[in-house]
Amino acid sequence: MRSPRRCSRNGCPRQAVATLTYVYNESTAVVGPLAAFAEPHTYDLCEPHARSLTAPRGWDVVRHEGEFEPPPPTTDDLVALAEAVREAARPAPRPPEPDQNRPESPHQTGRRGHLRVIPPNH
Ligand SMILES: [Zn+2]
């Protein structure tokens, strides 16, 4: 869903993880999660640039602290479960394996990507 996007700062080669939006009528610069679509007055930023952003004079910065971190385990479990359900519901190619092997979820770890339909008369 998210395609790799580069930081919009000149000469910055890092991948964008956040989107800066200028809300002109409120004189506020909002740094939030990477937007799905590029819109006017928005700029993709890498994490260092998103965290070090300073607003123009007279502007406020609203920064969503922590939004660029990996999601907490509970959310990640839900996402993994949703992905496993989606993978089981369609003949998808092998998805990338998750980086982390959490011992508290043995029923999912190591089995994603190995789901396949077994004929009844195998
Ligand atoms: Zn950057």
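**Figure 1. Val-23 and its bridge partner in strand S2, Thr-28.** The model shown here and in the following views is predicted. Strand S1 covers residues 18-23, and strand S2 covers residues 28-33. S1 and S2 pair in the antiparallel sense, over 6 bridges. Between the two strands of this hairpin lie 4 residues, and Ser-27 takes a positive phi near 50° there. Further pairs can be followed along the hairpin: Tyr-22 stands opposite Ala-29 of S2, and Leu-20 stands opposite Val-31 of S2.

**Figure 2. The chain as a whole, with 2 helices and 4 strands.** Read from the N terminus, the elements follow the order β-β-β-α-β-α. The chain has 122 residues, of which 23% are buried. Of the contacts between residues at least 6 apart in sequence, 51% join residues at least 24 apart. The close-up views that follow turn to the sheet, two buried polar residues and the zinc site.

**Figure 3. The open sheet, in which 4 strands are arranged in the order S3-S1-S2-S4.** The pairing within the sheet is mixed. In general, strands of a sheet pair through backbone hydrogen bonds, in either the parallel or the antiparallel sense. S3 and strand S4 (60-63) stand at the edges and each have a single partner strand, so one side of each is left without a neighbour in the sheet. With direction ignored, neighbouring strands are turned against each other by 20° on average.

**Figure 4. Pairing of S1 with S3 and of S2 with S4.** S1 and S3 run antiparallel and are joined by 4 bridges. In this pairing, Leu-20 has Tyr-43 of S3 as its bridge partner. Leu-20 also stands opposite Val-31 in S2. S2 and S4, by contrast, run parallel, and 4 bridges join them. Here Val-30 stands opposite Val-62 of S4.

**Figure 5. Surroundings of Thr-19, a residue of strand S1.** Is Thr-19 buried or exposed? Its relative accessibility is 4%, so Thr-19 counts as buried, the limit being 20%. The side chain of Thr-19 has a polar atom 2.7 Å from the backbone nitrogen of Ala-35. The side chain of Thr-19 also makes a polar contact of 3.2 Å with the side chain of Asp-44. Apart from neighbours within four places in sequence, the residues in contact with Thr-19 include Arg-5, Val-30, Val-31, Gly-32, Pro-33 and Leu-34. Thr-42, Tyr-43 and Asp-44 are also among the contacts of Thr-19.

**Figure 6. Asp-44 in strand S3 and the side chains joined to it by polar contacts.** The relative accessibility of Asp-44 is 15%, and therefore Asp-44 counts as buried under the limit of 20%. Which side chains make polar contacts with that of Asp-44? One belongs to Arg-5, with a polar contact of 2.8 Å. Another belongs to Thr-19, with a polar contact of 3.2 Å. When residues up to four places away in sequence are not counted, Asp-44 touches Arg-5, Arg-6, Cys-7, Ser-8, Ala-16, Ala-18, Thr-19 and Leu-34. One of these residues, Cys-7, is also a donor residue of the zinc ion.

**Figure 7. The zinc ion and its protein donors, Cys-7, Cys-12, Cys-46 and His-49.** The donor atoms are SG in Cys-7, Cys-12 and Cys-46, and ND1 in His-49. The donors lie 1.9 to 2.3 Å from the zinc ion. What is the geometry of the zinc site? The site is tetrahedral, with angles of 105 to 117° among the 4 donor atoms. For four tetrahedral donors, the ideal angle at a metal is 109.5 degrees.

**Figure 8. Placement of the zinc donors along the chain, with the spacing C-x4-C-x33-C-x2-H.** Cys-7 and Cys-46 link distant parts of the chain and are 39 residues apart. Cys-7 belongs to the segment before strand S1 (18-23). Cys-46 belongs to the loop between strand S3 (42-45) and helix H1 (47-52). Both Cys-7 and Cys-46 are buried.

How values were computed: Residues numbered from 1 in each chain as written. Predicted model: local features only at pLDDT ≥ 70, side-chain atom pairs only at ≥ 80, totals over all residues. Heavy atoms only, no water. Donors = N, O, S within 2.8 Å, 3.2 Å for Na, K, Ca; no water. Tetrahedral: all angles 85-135°; square planar, octahedral: opposite > 155°, others 65-115°. Buried < 20%, exposed > 50% of the residue type's maximum accessible area, 1.4 Å probe, protein only. Pairing = 2+ DSSP bridges. Axes fitted to C-alpha atoms, helices over the stretch in contact; angles between N-to-C directions. Polar contact = N/O pair within 3.5 Å; in protein donor to acceptor, adjacent residues only side chain to side chain. Contact = heavy atoms within 4.5 Å.
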